[in-house]
Amino acid sequence: MSLADKVILVTGGASGIGRATVNRLAGDGAHIIVADTQVELSGEVVAEVQKAGGSAEVLELDVAEEGAAAAAVTAIVAEHGRLDGAFNNAGIVGPTTLLADIDMAEWARVLAVNLTGVFSCVQAEIAQMIQQESGGSIVNASSICGLIALPQAAAYNSAKHGVIGLTKSAALEYAPQNIRVNAVCPGFIDTPMFDQAAGATVETRNFVTGAIPMGRIAGPGEVADVVAWLLSEQSSYVTGVATPIDGGWTVQ
Ligand SMILES: NC(=O)c1ccc[n+]([C@@H]2O[C@H](COP(=O)([O-])OP(=O)(O)OC[C@H]3O[C@@H](n4cnc5c(N)ncnc54)[C@H](O)[C@@H]3O)[C@@H](O)[C@H]2O)c1
């Protein structure tokens, strides 16, 4: 799949799914902006990319900070002249308690990163793509929790459902400008976030694995492959979809 000379922003690119996607997209020829709060780790990812002959750079970004996404896009355009695509992937788990026990500050933080953070990025990216008059492709990180609910994750479930609504709204409004906006809905993917949540112990990991129709947890590269396709011209007529990448979890 060729992404030669495309300039692509990946938020949350320092770890897990974002990291795998940065490597995949750079391998397909794109220049990647690795935007994350973890600057040192982002530097390691850039070094990984460069070692493999690809091109990437670090951009410190907290997607939850007001105005930060717009400033990031401005900085990218000042340096590279354009933005062709984005994977708005930065996210956090949030409280793993019953709904009644969620602290308001924890609720607000999950919404700020996982939903408002994605909104701010999408808004800034679309504004630039309209100005370029070149179309573009944006992929947002939702989850199976955007399609169904998992217990003790009300804030996360709510934010990820919101990402799908946001994705559909953006896809509908900017289809005439050939700006495609899609979401990916990963199931259980082996990343530091998974270790922190469902995969924290051998028992929970085995329990989750047993409930997945395909009988295994996925590697982050299996999400990266779908994101790369959605960012490429090979998905040129696909917009507004929320694609499960879940080994069959949501068909049960
Ligand atoms: N791992 C899974 O099983 C799974 C399943 C479904 C959806 N997802 C979603 O995929 C995305 C990536 O998850 P992951 O598993 O790779 O997690 P991860 O924790 O490995 O990586 C998340 C990255 O986002 C960054 N980040 C967090 N808050 C940020 C902020 N405010 N601004 C900028 N960067 C920030 C972190 O520093 C980290 O590098 C998330 O949106 C997550 O909700 C993950």
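Of the 252 residues of the protein, 48% count as buried; a residue is buried if 20 or more other C-beta atoms, placed from the backbone, lie within 10 Å of its own, exposed if 12 or fewer do, and partly exposed in between. The structure is a predicted model, in which local features need pLDDT of at least 70, side-chain atom pairs count only at pLDDT 80 or more, and totals for chains, interfaces and linings use all residues. Residues are numbered from 1 along each chain as its sequence is written.

The overall dimensions come next. A compact globule of 252 residues would have a radius of gyration near 18 Å, and the 17 Å of the protein agrees with this; the radius is taken over C-alpha atoms, and the globule rule is 2.2 Å times the number of residues to the power 0.38.

The secondary structure consists of 8 helices and 7 strands. These are DSSP runs, numbered from the N terminus, with at least four residues for a helix (H or I) and at least two for a strand (E). An open sheet of 7 strands follows the order β3-β2-β1-β4-β5-β6-β7, with parallel pairing; two strands pair if DSSP finds at least two bridges between them. Because β3 (55–60) and β7 (242–245) stand at the edges with a single partner strand each, one side of each has no neighbour in the sheet. Strands β5 (residues 136–141) and β6 (residues 179–186) run parallel and are joined by 6 bridges, and I138 stands opposite V181 in β6.

The ligand is surrounded by 29 residues, of which G12, G16, G91, T191 and M193 come nearest; a residue is near a molecule if its C-beta atom, placed from the backbone, lies within 6 Å of it. Two or more residues of this shell come from each of α1 (16–27), α4 (104–132) and α6 (192–196). The shell divides into 15 nonpolar, 12 polar and 2 charged residues. Here Ala, Val, Leu, Ile, Met, Phe, Trp, Tyr, Cys and Pro count as nonpolar, Asp, Glu, Lys and Arg as charged, and the others, Gly among them, as polar.

Two backbone angles deserve attention. Most residues other than glycine have a negative phi. D5, in the segment before β1 (7–11), has a positive phi near 65°; D5 is exposed, with 10 other C-beta atoms within 10 Å. Q152, in the loop between β5 and α5, has a positive phi near 55° and is partly exposed, with 15 other C-beta atoms within 10 Å.
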